[in-house]
Amino acid sequence: MALDNKNIFVNGFTFCLDHGDELCTRCCCDHRMDNNVRIEKELGDVEELFEHEVEVRQPINAYAHGAVAALSTESAYECETHKAVDCLKCFNWVKIIKQEAEDAEEHGRWLGKRASLKDFLTPDVVVADG
Ligand SMILES: [Zn+2]
Ligand SMILES: [Zn+2]
């Protein structure tokens, strides 16, 4: 809490103002947990898919999805494409995360194979968390 970081809010999700990142190493912030909670219901079965990994999913960058400060209200963000505040098409985080979950699942299967093999060789391996 040493830094006075500013955040932006795009369609319910929190990102750092300077970089538009959910997870920002420069701002030392990680909003993924907060953001996950916001879409918990919508995620539903996907959360199962992720298991604990929903907490370590790929961070989203709001600016990469075209978020720009809305002219009408300074605190809101709109998309570049439709000029719509909290655009459900461009800032469809649930869809983005679900897509990632599907990809992760495929990848995860392969990783799972490796992990079990690794487990077999080194049972004391602890997955470090940041
Ligand atoms: Zn940042
Ligand atoms: Zn849009």
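Let's start at Asn36: with 19 C-beta neighbours inside 10 Å, Asn36 counts as partly exposed, because being buried takes 20 or more. Keep in mind that this is a predicted model. Asn36 has its place in helix α1, which covers residues 32-38. Now look across to Trp93: 57 residues separate it from Asn36 in sequence, yet the two C-alpha atoms are 9.7 Å apart in space.

Trp93 takes us to the largest nonpolar core, a set of 18 residues. Trp93 is among the members that touch the most others, along with Val10, Phe13, Phe15, Ala62, Ala67 and Phe91. Where do the core residues come from? At least two each are supplied by β2, β3 (23-24), β6 (77-79) and α4 (93-121). Helix α4 gives the largest share, with four residues. As a general backdrop, nonpolar side chains in soluble globular proteins tend to be buried together.

Next, go back towards the start of the chain. Strand β1 (residues 7-10) pairs with strand β2 (residues 13-16) in the antiparallel sense, over four bridges. Together β1 and β2 make a hairpin with two residues between them. One thing to check in the turn is Asn11, which has a positive phi of about 50°. Along the paired strands, Phe9 sits opposite Thr14 of β2.

Finally, stop at Phe15, one of the core members already mentioned. What does Phe15 contact once its neighbours within four places in sequence are left aside? Asn7, Ile8 and Val10 are on the list, and so are Gly20, Asp21 and Glu22, with His31 and Ala62 completing it. Both Val10 and Ala62 also appear among the core residues that touch the most other members.

Key: Residues are numbered from 1 along each chain as its sequence is written. Chains are lettered from A and ligands numbered from 1 in the order in which they are written. This is a predicted model: local features need pLDDT of at least 70, side-chain atom pairs count only at pLDDT 80 or more; totals for chains, interfaces and linings use all residues. Two strands pair if DSSP finds at least two bridges between them. A nonpolar core is a set of buried Ala, Val, Leu, Ile, Met, Phe, Trp, Tyr and Cys residues joined through C-beta atoms within 7 Å. A residue is buried if 20 or more other C-beta atoms lie within 10 Å of its own, exposed if 12 or fewer, and partly exposed in between; C-beta atoms are placed from the backbone. Two residues are in contact if their C-beta atoms, placed from the backbone, lie within 7 Å.
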